[in-house]
Amino acid sequence: MSSQSFFFRADDRVVSPRKKIIIVIAVIVAIVLIVIQTGFGQSVLKAAGLSHPSEPFVELYFPSANALPSKVPASDHLEIGFAVANVGPTTHRFAWQVSEETDKVEIKLASGHAVVPASQTAVVSQRIRVYCLSERVHLFVSVTRSSARITLWLSCPSQR
Amino acid sequence: MAELPQPAVIERASLAWLRRLITGRWTVVPAAWIIELLFLDLAVAENSLWLLRVVAVLLLAVLPGQLLLRALRVPAASIGRYIAYLPCASVAVLIASSLVVDVLGPLLRVHEPLRRWPLLIVLNLVIPALARLGHRAAPSCELKISEHIGHVHWFWPLLLPLASVVAAARLDNGDGNVLAFVVLVAVAVMIPTCTVLANGMHRSQTNLILYSSGLALMLLTSMRSAYVVGFDINSEYFDFHQTVVNGIWHLGHLNPYEAMLSLTVLPASLHALVGGQDVWIFKLGYPALFAFFPVAIFSLGTRFLSRRAAFVAAAIAIVQAYFFEQQPEIARQELALLIFAGIMGALLDSSLERGPQLRLVSVLGVTLVVCHYSTTYIAIFLCLSACFLAVTVARRKSAPLPVLPWLIAAAVMSVSAVIWYVPATYSGSNVSDVAQSLRQSGIQLLPGRLKGENVISAYFNGPRERPTSPIQYERSVATYYAEHMRYLAPLAAAKNPAYNLRAATPPSLPDHAPLVASGLADAELLVQQSINALAVVCSLMFALRRRSNPLTRIIGTVGIASLFVLAASRLSGTLAADYGSSRLFLQCLFILSLLEAALLEMVVTRLNSRSWVGLTVFGGFSLLLLVAFVGNSGLDAPVTGGNPPLILYNKGQDYAAFYPNAQEKVTAQWLAAAVPPQRVIYADYFGQLQLDQFTSLRTAVFNDVTPRTIDRHAWIFASTTNVVDHLTWGATSSGLVNFVFPAQFLDQYFNVVYSTGSTEVFHR
C-alpha cells in the first residue's frame, strides 16, 4: 500500500527542487500568517487600507420607549430620561441638549454633558419645564459629535 | 546489512521500521493518516492562530474526502480527472460526522455537542474508521495529491481571490474600487486568452485558473460588508447563528431553512473546528467550495471534448451574474450545486466501476437531500427524465444507454428526501406550497403575454407586468390592509394628500456614451439568447444523433430534461413565482454549457481543414462571452452609467438594498430588545433583511411602510437607506417600486425613540 497522503510521501528520499520551492512558499505563507496576527501585522494591514476600525457612533434612545408620556403634566414639569451609548473604542464626553420646537421656534430646555467610556451607556434623567405654546409640543434630544436625535410629541392640556 | 557497522545497521533498521509504519504495512491505519490527523487535532485545538486555522481548513477539505473516496474504492485517476469529487466527499463526511455528534451527544450528556471538542473527538473516530474501511483498497485508489497540484508557477491565479478580498476590504473602507476593476479586467482577459491556449495547458493549470477566477468573482460580492450580503442569506445566517449559539441542532418540526444541514449543522461544525467569526463560513468558506463548480464543468467536458471546448463550457457558467453575484447570496444552494456537480460527474463517469459509482452517487445523493430541497427535486427530475428519454431514444438506436445508475440515484434521493423531509424534520412545506399555488392559480401559462403578442416573443420576455406607480401601490396596499388586516388601525391623518407617496430616483451613474450603452445592452441580450438557442439545438442533436457515443447521448438527454425544466419555469407564472428561474438556470447550465461547447466543437471538427478554424470559432465565441461578462459584472458602468454594481461601488440599488452596516445591526438588536411581546413592527422590503439577520423578529413584521398602512401604535425600523438616502421600496406583482421614505408623516405623528444618526426607530 502506498503511503501517499496530503502532506507526506514516505518513499521520497531526495527533496526535488520543485518540492523545495513549495516548502519555501509554504514557510513564507506561514510566516506571513503569523506576522499579520501581531500588532505590527495589524498596523501594516491598517496602513494598506485592509483593516479599518469601524467608525465610532452614538446610540441615543429612550430607555422606556414603550411607556413614554403623551401629555404635558399639569405642572408643566416633566422628568425626561434618555440613554447615550458610546459605540467606539475610546471614552467620549458628550454634550447633550433638550429643546422644544413650536412653530419653528426652538427653545432650549436643558443641557449638560455625559462622559461615556468605550462601549458603555450612560443614562441621563433630567427634570425640564415644558412651554405649551400650541396644542402639541415637540421635544428634541440631541448630542454633540453625532447627528443622532430623538424626539417626543406631547399634547398640551386643553384648558391652555 | 551484516556488512554494515552496528550503528548504521540500527539506523537503517529503524528507518525501515518507520517506513513500514508510515506505509501502513504493520497497521491497518497507515501512520501517514495518523500524522495528518494529529496535525488536524493540533490545528483545531489551537485554532485561534491564523496559521493553524489555515492548516485546519486544508486538512478538513481534503483528508475526510480522500479517505471516504478510498473507502468507496473510487480510483485515484478518476478523482484526478474530476477533482470536485474531493470537496464533495469531504462535505459528506463532515455533515455525517457532525450529525452523529449532534444526535448522540445529548444521549452521552453532552448538551452542546456542536462544539470543538465533541466534534474533534468524533472526527478522531471517523477518520481512522474510514482509513480502516479503505485499507484493502487497491493501490490505484491511493490518491496522490502532490501529483495533481502541478507546477509551482501555475499557482499565480490564486493571487486573484486574494486580490478580491483586498479589493472588497478597500471598497468597504472607502479606499476606492481600482483593485476591484483590476480583478474584473484580469478575469475578462483570462477568458479569451485561456480559450486560445487551453489545448496546450495542463489540466491542473486550467483547473487552478477556473477555480481562482470563479472564486475571485464571488468574493467580490460575498466579502462586501462585515455581515452577510444578499437576500436569502440573511435568514440563512440567522439559522446558522442560532445553531452556533445553541451548540446543538434538533430534529423535529422545522421550517425548511432549519431543516437544511447546509445551513445549520455543517456551518456550525466548521465554525467550531476552524474558529473565527461564524459569518466567515458563509462569506469565504462556501464560495471557496462552490468555486469547484466551473472546475467540475471543465472536468466533465474533458471526458468527451477538447480542453479548449471544455474550458469554454466552464467559462459560460463563470460569466453569468447568477454565478458570481447571486449564488454567493444563497449559501444553501452553493453547497447543493457543488454536490449536484459531484453526482452528475459520478453518473457520467465511465472510468468508475459500477459498485464504486453507485456507492459514490448514493452517498452524494443523501448529502444533497440534507443540503437543499429544490436542488434535490430538480436533480431527481433530471435523473428520471434522463432515464425516460434514454430508454425512448434507445428504442431507435442499436446501443442501449446505461440508465441503471440514474434510476438508483433518483431512488436514493427520493427515498432519502421522503425520510428527511417528512418524519425526520416535517419540513416539506415548500412542496405543499407549490402544490397549493398550482391548485389556486393553475399553471398560468405565459402570464406576461400581451394582447396580440406571439408566443415566442412572450416566452423570451418572460413574466412581466406594467410597472406600478407609488400612488397605485399606496392605494393597492391600503385597500388590501383595510380588507384583510382589520386589526391594524392607521391614523386618520394618513389620508392627507400631503403624505401621498412620491416617486424616488435611486442613485445611478451618468451615461457618458449612450450609443455604447445601447450597443452593449443589445449585444448582451443577443449573446444570452444565442446561448439559450444553442442549448436547445445541442440537446436535441446530441440526444438523437445516430453517431454519438453513449456518453454524449446521455448528456443530450439530461440536456433535454434541463431545457424542459427551464421552459416550464419560464412558461408558468406560478412556478416562476415559487422558484426563481435564475436559480434553476445555473443548475441546468451545468449540462447545457457542455452541450453548447460540444456543438461548437462539432462545427470545428466538420470544418477542420486548417488549425485556425478552431481558434476562430472558439476565440469568437469567447469574445461573445466577454461581452456578456462585461455587462453582467458592471465593468462597463463607468462608461455606460446606470445602476452601480455592488462589487464596484458604495452606492446604487444593490448597495442600498443589501449592504448592512454596524448602525443597522445595533438598531435592529435594540428594537428586538425594546418591543413588547404584543407589538406590530414595520420595516421595508430590505429593512426586513436586517431584522432577519440580526434578530429573531419574524412575526407581525409588515413591509409596507406607507402612511395609510402603518398602525398607530407601530414600531417602525428605518434603515440607513431610509434615513440618509430617503429611499424605500414596496413589493408589487410587477416588481419593486421605489418611493420616498415617508419621514415627513412619521416625524409629524410618531416619536423617534431611537437614533444613531443614520438609523432610527419610530413609535408612538
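Me: Two residues are in contact if their C-beta atoms, placed from the backbone, lie within 7 Å. By that rule, how many residues of chain B are in contact with chain A?

Reply: The model is predicted. In it, 43 residues of chain B are in contact with 41 residues of chain A. H3(B) gives the largest share of the side of chain B that touches chain A, namely 7 residues. Other elements supplying at least two residues each include helix H1 (6–23), helix H2 (31–45) and strand E6 (751–755) of chain B.

Me: What makes up the side of chain B that touches chain A, by residue class?

Reply: That side divides into 25 nonpolar, 11 polar and 7 charged residues.

Me: How do you know that strand E1 of chain A pairs with E6(B)?

Reply: Pairing needs at least two bridges between the strands. Strand E1 (residues 57–61) of chain A and E6(B) are joined by 2 bridges and run antiparallel, so the criterion is met. A:Tyr61 has B:Tyr754 as its bridge partner in E6(B).

Me: What sheet do these strands belong to?

Reply: They belong to an open sheet of 8 strands, ordered E5(A)-E2(A)-E1(A)-E6(B)-E7(B)-E3(B)-E1(B)-E2(B), with mixed pairing.

Me: Why are strand E5 (121–129) of chain A and strand E2 (701–702) of chain B said to stand at the edges?

Reply: Each has a single partner strand, so one side of each is left without a neighbour in the sheet. For E5(A), strand E2 (residues 77–87) of chain A is joined to it by 9 bridges, and the two run antiparallel. Within this pair, A:His77 has A:Arg129 as its bridge partner.

Me: What makes E4(B) and E5(B) a hairpin?

Reply: There are 2 residues between them. Strand E4 (residues 727–732) and strand E5 (residues 735–740) of chain B run antiparallel, joined by 6 bridges. The bridge partner of B:Thr732 in E5(B) is B:Gly735.

Me: Why is A:Ser119 called exposed?

Reply: Exposed means 12 or fewer other C-beta atoms within 10 Å. A:Ser119 has 11, so it is exposed. This residue lies in the loop between strand E4 (105–116) and E5 of chain A, and its phi is positive, about 55 degrees, although it is not a glycine.

Me: What makes B:His726 partly exposed?

Reply: A residue is buried at 20 or more such neighbours and exposed at 12 or fewer. B:His726 has 15 C-beta neighbours inside 10 Å, so it counts as partly exposed. B:His726 is in the loop between helix H34 (720–723) and E4 of chain B. Its phi is also positive, near 55 degrees. Most residues other than glycine have a negative phi.

Me: How do you know what span to expect of helix H9 (residues 178–197) of chain B?

Reply: The expected span is 1.5 Å times one less than the number of residues. H9(B) has 20 residues and reaches 28 Å from its first C-alpha to its last, close to the 28 Å expected. H9(B) nevertheless has a kink of about 30 degrees at B:Ile191, shortly before the proline B:Pro192. Its buried residues, among them B:Val187, B:Met190 and B:Ile191, pack against H8, helix H10 (203–222), helix H16 (307–318) and helix H29 (611–633) of chain B.

Technical notes
Residues numbered from 1 in each chain as written. Chains lettered and ligands numbered in written order. Predicted model: local features only at pLDDT ≥ 70, side-chain atom pairs only at ≥ 80, totals over all residues. Helix = DSSP H or I, 4+ residues; strand = E, 2+ residues; numbered from the N terminus. Nonpolar A, V, L, I, M, F, W, Y, C, P; charged D, E, K, R; others polar. Bend = angle between axes of the 7 residues up to and from the residue.
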